[in-house]
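Got your viewer open and ready? Let's take a walk through this model, one selection after another.

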Amino acid sequence: MESTLHEESPRVLVVDDEKVIREILSDFLTMEGYVVRTVENGENALQELERRNYNLVISDLKMPGMGGLELLERVGELRQNVLTVIMTGFGTVETAIEAMKKGAYDYILKPFKIEEVVHVVERGLDRQRLQAENIRLKEAVSLYKVSEAIAQSLSLDTVLDLILDAMLVEAEADVASLLLKDPGTGLFVERTQRHGPNVTGGFSGAVNIAEVLDHYRVDKPILAHGLRALRFFEEPPKDRRLVSFCSIPLKVQDRVIGMLNAYSYTRGHKFSEGQRKMLSVLASRAAVSIENARLYEDLVSKHQDLVKVNQSLAENFRATIIGFAHALEESDKYTRGHSERVAFYSSLTARGLTLPEPEVERVVQAGLMHDIGKIGIRYEKLNKPGKLTPEEVAMFRTHPAKGKRILEPIPSMAELIPGAWCHHENWDGSGYPRGLMGDNIPLLGRIVAIADTYDAMTSDRAYRKALPHDVSIAELERCAGAQFDAELTSVFIAKVEEHRREQVASGKDVPR
Ligand SMILES: [Fe+2]
């Protein structure tokens, strides 16, 4: 694993073809507490820089083969955070200045005093430290922003997108990939992958999950470069040379729920320890958000299941009620369809009152059930032509209370009771079974009473033919305020007229 630039002693690479100079600089800088390596030319310097991170390179200007200026350019291409100091003899100051224009940090004139060299190195490293702190501060700020965005999002896909974008931007990864453990199968599945601008044509590497998890157990996150990274792959990425690989576990408490993998294919761009730490912070925020988003999605889908169950319960309930109504009408050919028509006429009034939809539904159900108390009453007697005897009238009048008794024990039916129990009450108190008056009659009862009477008048009965619509309406109007709630009567009349006009407009017949 690479070390952070400032966790250990700064590393200095001395490049000079003169052995004496290499030895003097090595000895003195080592005494100052630096870790020093020496090489004799530019080629070897580049090899050494590819192998290890250095803070500072001191290079001679004139060397056989690759000289100091070319080395300076090549070091720049490596994109490493390394300072370069050029050493040059008298008479080549212009070249030294040229070197500084090309990005050298400073120059030292030969022959040099050793304190001068130490001073230049110290100053350079100080500046480097400040720059690194500035970068870290910027990283911390953007990391904070990303974390906030992640924490505020409840959508799993948004969280994943934010994480991958941050990996590409903040860690300068060429490919970012996120694997999540499937809670059902326990397998890690690549959930999403994102490519930076330098990577085209897909990415084929297959991470060795077992190896990565093993490493997490002993050494937590993975930061590996070049060939050493390949042991974490079942199948190394094809067509590209992997430069650097960083893999961070997504953990909730001590469970690994997934992994973030960052890949660099850019020559010289190894992920730094700082970037590894930054990704670790990101991963810890991300893991919690992923878990939350999953719980939330779970909750939403459970809620949807519940809504479905409720819907099917409601449909069952409606079917049961219609079944009751049909059972009731089976025994009486004159009242066939009566319950459903009363339900429909009642719904007209309910809609005219702009009741909320669940209330309209309750009115419909109450309409269907209003005569349920007639189950058990012997119809052949009641449907005879001519007048009913007082005993027959008394028997007929028991049906509202019987309806209440039938519905009472069934919790889901209990709210329909006012329709069955109170649809023969009259506004002026002359109705039955309780002789309620005005607003004391439940709304359901008052609505159903109007619908019931209108349908009775406009249907054939054993003792008379159906009355025309106009006559029936006139009768309702005559009785409004006495038998019926006057306000509801006018709502019903307006709505039933509107309904008949719509029927006619769409080419359907309406009863005369
Ligand atoms: Fe009735």
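Start with the salt bridges: there are 27 of them in this structure, which is a predicted model.

For your opening stop, select aspartate 157 and arginine 191 and show their side chains. They meet in a salt bridge, with N and O 2.5 Å apart. Now colour helix H6 (residues 156-170), home of aspartate 157, and strand S7 (residues 188-195), where arginine 191 sits; because the partners belong to these two elements, the bridge ties together parts that are 34 residues apart in sequence. Are they tucked away? Have a look at the surface: aspartate 157 is partly exposed, at 44% relative accessible area, and arginine 191 is partly exposed too, at 38%.

Next, pick arginine 231 and glutamate 211. Here is another salt bridge, this one at 2.6 Å from N to O. Arginine 231 is in the loop between strand S9 (222-225) and strand S10 (233-235), while glutamate 211 is part of helix H7 (residues 209-219), so this pair links parts 20 residues apart in sequence. Switch the surface on again: arginine 231 is partly exposed with a relative accessible area of 45%, and glutamate 211 is partly exposed with 25%.

Now move to helix H10 (residues 357-369) and select glutamate 359 and arginine 362. Both lie in that helix, 3 residues apart, which is about one turn. Their closest N and O atoms are 3.4 Å apart, and they form a salt bridge. Relative accessibility comes to 21% for arginine 362, which is partly exposed, and to 31% for glutamate 359, also partly exposed.

For a group rather than a pair, select Asp16, Glu18, Asp60 and Lys110. Salt bridges link these four in a network.

Time to zoom out. Switch to a cartoon view and you'll find 17 helices and 12 strands in the protein chain. How spread out is the chain? Its radius of gyration is 45 Å, well over the 24 Å that the globule rule gives for 512 residues, so the chain is more spread out than a compact globule. Turn the model around to see this: along its principal axes, the C-alpha trace spans about 135 × 45 × 40 Å.

Two last views. With the surface shown, the chain exposes about 26200 Å², and 54% of that comes from carbon and sulfur atoms; buried residues make up 46% of the 512. Then colour by charge: the chain has 65 positive and 76 negative charges, and their mean positions lie 5 Å apart.

Terms used:
Residues are numbered from 1 along each chain as its sequence is written. This is a predicted model: local features need pLDDT of at least 70, side-chain atom pairs count only at pLDDT 80 or more; totals for chains, interfaces and linings use all residues. Side-chain values use heavy atoms; hydrogens and water are left out. Helices (H or I, at least four residues) and strands (E, at least two) are DSSP runs, numbered from the N terminus. Buried means under 20% relative accessible area, exposed over 50%, partly exposed in between (1.4 Å probe, protein chains only). The radius of gyration is taken over C-alpha atoms; the globule rule is 2.2 Å times the number of residues to the power 0.38. Accessible areas come from the Shrake-Rupley method with a 1.4 Å probe; for residues, only the protein chains shown count as cover. Lys and Arg count as positive and Asp and Glu as negative; His and the chain ends are not counted. The place of a charge is taken as NZ of Lys, CZ of Arg, CG of Asp or CD of Glu.
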